[in-house]
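Visitor: Could you walk me through this one? I'd like to ask about single residues and then about the chain as a whole.

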Amino acid sequence: MAPAMTATKIPTLSASEARRMTLAAQGFSRRMPDAVAPRHLHRAMERLGVLQIDSVNVFARSHYMPMFSRLGDYDPTLLDRTFVSRTTHYVEYLAHEATFMPVADWPLWGFRMRAWQERVSTPDAWGHVHARTLDWVRAELRDRGPLRPADLREDAPRDRGTWWDWDEAKLALEHLWRNGEVAIAGRIGFERRYGLAEQIIPADVLGTEISREDAVRELVRRAARSYGVATVADLNDYYRLRDQAAVRSAVDDLVDSGELEAVTVRGWERGGRPIPAWRHREAALPRRIDRAALLTPFDPVVWFRDRALRVFDLDYRIEIYVPAAKRRYGYYSLPVLVGDRIVARVDLKADRPASALQVQSAWWEPHADPLRDAERVAEELVRAARWQGLERLSVSGWGDASDAVARALHGSEPPIERHQHPREAA
């Protein structure tokens, strides 16, 4: 008589193991280099996949911060030369929101480019209604090479009659970028230069076509590698695929090929039931994470709110658009990682005329140990000030961690001062 079939037992991870696995996959278990070189940026990008771009510059623009969090103090102009001012290795596209991504990944987004083209090309859609503007912008880029929007504005023809509108030209550039006809040739300052894709993307890359199914499978594979352990919702969000059924199908394929393994994580539950999760076969589980880091709100570690809450017990929203009087933590608060825990959030402002890093507020998170963690938070603030070339630190009294952080900074270099936040007087 044949033996009865037995169900395969699904491995179980503790919440701490899942956190450490995630942080290792994101590069936080690696030793920081003594001096950051381009190869370190490339290696970090292999783990991250993308760098999200954000215009807010109250402390430092978001795309500079993940490298600082993982590699330590580095010259931001190194990232400018590698990512921003030219497209040898990286190019911009909507690979989450607007991000830097490897040039070689351009074909992976063909399905998104095609979907955009179909969406805006119906008879009543923008691309059809403004076909004349699109043709003019294409011709300008073809004849003149990559251009800033301002170049089009300054040299716009004066005999185009009532159809010409500056906002239309800007929208045309964005439309052509989204559908893949145009690529970003780099930036001058923070201003994009747009060119026809064939002027920017290597011919062999531009000529490669990848089906939607194959692209989604590859992106899910990369997201799983970047997270270490993740749910379908996590994998769906990493590259903003917005197609849970397709992601689940890709997960099944990757399980069949041995690249993913189903796991259960204690504490990852919904309605009292475990949330299915998967571990990438390359995911390492370090015994401990001995790292402290400031995180941008757009770091993959925390950019998906559901995951940040599930993995780190961090209930995180950016308060940029919240009226000042209603902010709970501050304009642009940054989570602070110590070990495998998010222990605090600090609202930072670089006062460049005064050469001061202002800690506008500082707050403990539920898993903080204030006596132990204040010193690590203070060390990160000193490092951040030095990275930004600021000569002083100033800490307000707003927030339940502010006084402890200020005490830990006493005697630091750069020197510490205290200032009053307007919320303190309210």
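Visitor: Leaving aside neighbours within four places in sequence, which residues is Arg-187 in contact with?
Guide: Leaving those neighbours aside, Arg-187 is in contact with Ile-53, Val-84, Ser-85, Glu-92 and Arg-192, where contact means heavy atoms within 4.5 Å. This is a predicted model, in which local features need pLDDT of at least 70 and side-chain atom pairs count only at pLDDT 80 or more, while totals for chains, interfaces and linings use all residues. Residues are numbered from 1 along each chain as its sequence is written, and side-chain values use heavy atoms, with hydrogens and water left out.

Visitor: Val-84 is in that list; how many residues apart along the chain are Arg-187 and Val-84?
Guide: They are 103 residues apart along the chain, and their C-alpha atoms are separated by 5.7 Å.

Visitor: And where does Arg-187 sit, and is Arg-187 buried or exposed?
Guide: Arg-187 belongs to strand S5, residues 182-188; helices (H or I, at least four residues) and strands (E, at least two) are DSSP runs, numbered from the N terminus. Arg-187 counts as buried, at 9% relative accessibility, given that buried means under 20% relative accessible area, exposed means over 50% and partly exposed lies in between, with a 1.4 Å probe and protein chains only.

Visitor: What about Glu-140, is that one buried or exposed?
Guide: Glu-140 is buried, with a relative accessible area of 16%, and its place is in helix H7, residues 131-144. Not counting residues up to four places away in sequence, Glu-140 touches Gly-145, Leu-147 and Leu-152; from Glu-140 to Leu-152 the C-alpha to C-alpha distance is 8.0 Å, at 12 residues apart in sequence.

Visitor: Now a loop residue: what is the relative accessible area of Gln-26?
Guide: The relative accessible area of Gln-26 is 0%, so Gln-26 is buried, and this residue lies in the loop between helix H1 (15-25) and helix H2 (38-48). Not counting residues up to four places away in sequence, Gln-26 touches Arg-47, Leu-48, Arg-70, Ser-226, Tyr-238, Asp-299, Pro-300 and Val-301. By contrast, Gln-26 and Glu-168 are 40 Å apart in space, C-alpha to C-alpha, with their positions 142 residues apart in sequence.

Visitor: Which loop holds Gly-271, and does Gly-271 count as buried or exposed?
Guide: Gly-271 is in the loop between strand S9 (269-270) and strand S10 (273-274), and Gly-271 counts as exposed, at 77% relative accessibility.

Visitor: Backbone check, then: what is phi of Asp-313?
Guide: Phi of Asp-313 is near 55 degrees, a positive value in a residue other than glycine. Asp-313 sits in the loop between helix H15 (305-312) and strand S13 (333-338) and is partly exposed, with a relative accessible area of 34%. Ser-355 also has a positive phi, near 50 degrees, and again is not a glycine; Ser-355 lies in the loop between strand S14 (341-351) and strand S15 (356-364) and is buried, with a relative accessible area of 13%.

Visitor: Switching to the core, which residues touch the most other members of the largest nonpolar core?
Guide: Of its 56 residues, Met-67, Phe-83 and Val-346 touch the most other members, a nonpolar core being a set of buried Ala, Val, Leu, Ile, Met, Phe, Trp, Tyr and Cys residues joined through side-chain atoms within 4.5 Å. Helix H16, residues 370-387, gives the most to this core, with 8 residues. Apart from it lies another core, of 55 residues, among them Phe-111, Trp-136, Leu-147 and Ala-246.

Visitor: And who does Phe-83 contact beyond its sequence neighbours?
Guide: Leaving aside neighbours within four places in sequence, Phe-83 is in contact with Leu-41, Met-45, Leu-51, Met-67, Tyr-90 and Phe-100.

Visitor: Last topic, the whole chain: how many helices and strands are there?
Guide: The protein chain has 18 helices and 17 strands. The radius of gyration is 24 Å, close to the 22 Å that the globule rule gives for 426 residues, so the chain is as compact as a globular protein of that length; the radius is taken over C-alpha atoms, and the rule is 2.2 Å times the number of residues to the power 0.38. Of the 426 residues, 56% count as buried, and among contacts between residues at least 6 apart in sequence, 64% join residues at least 24 apart.
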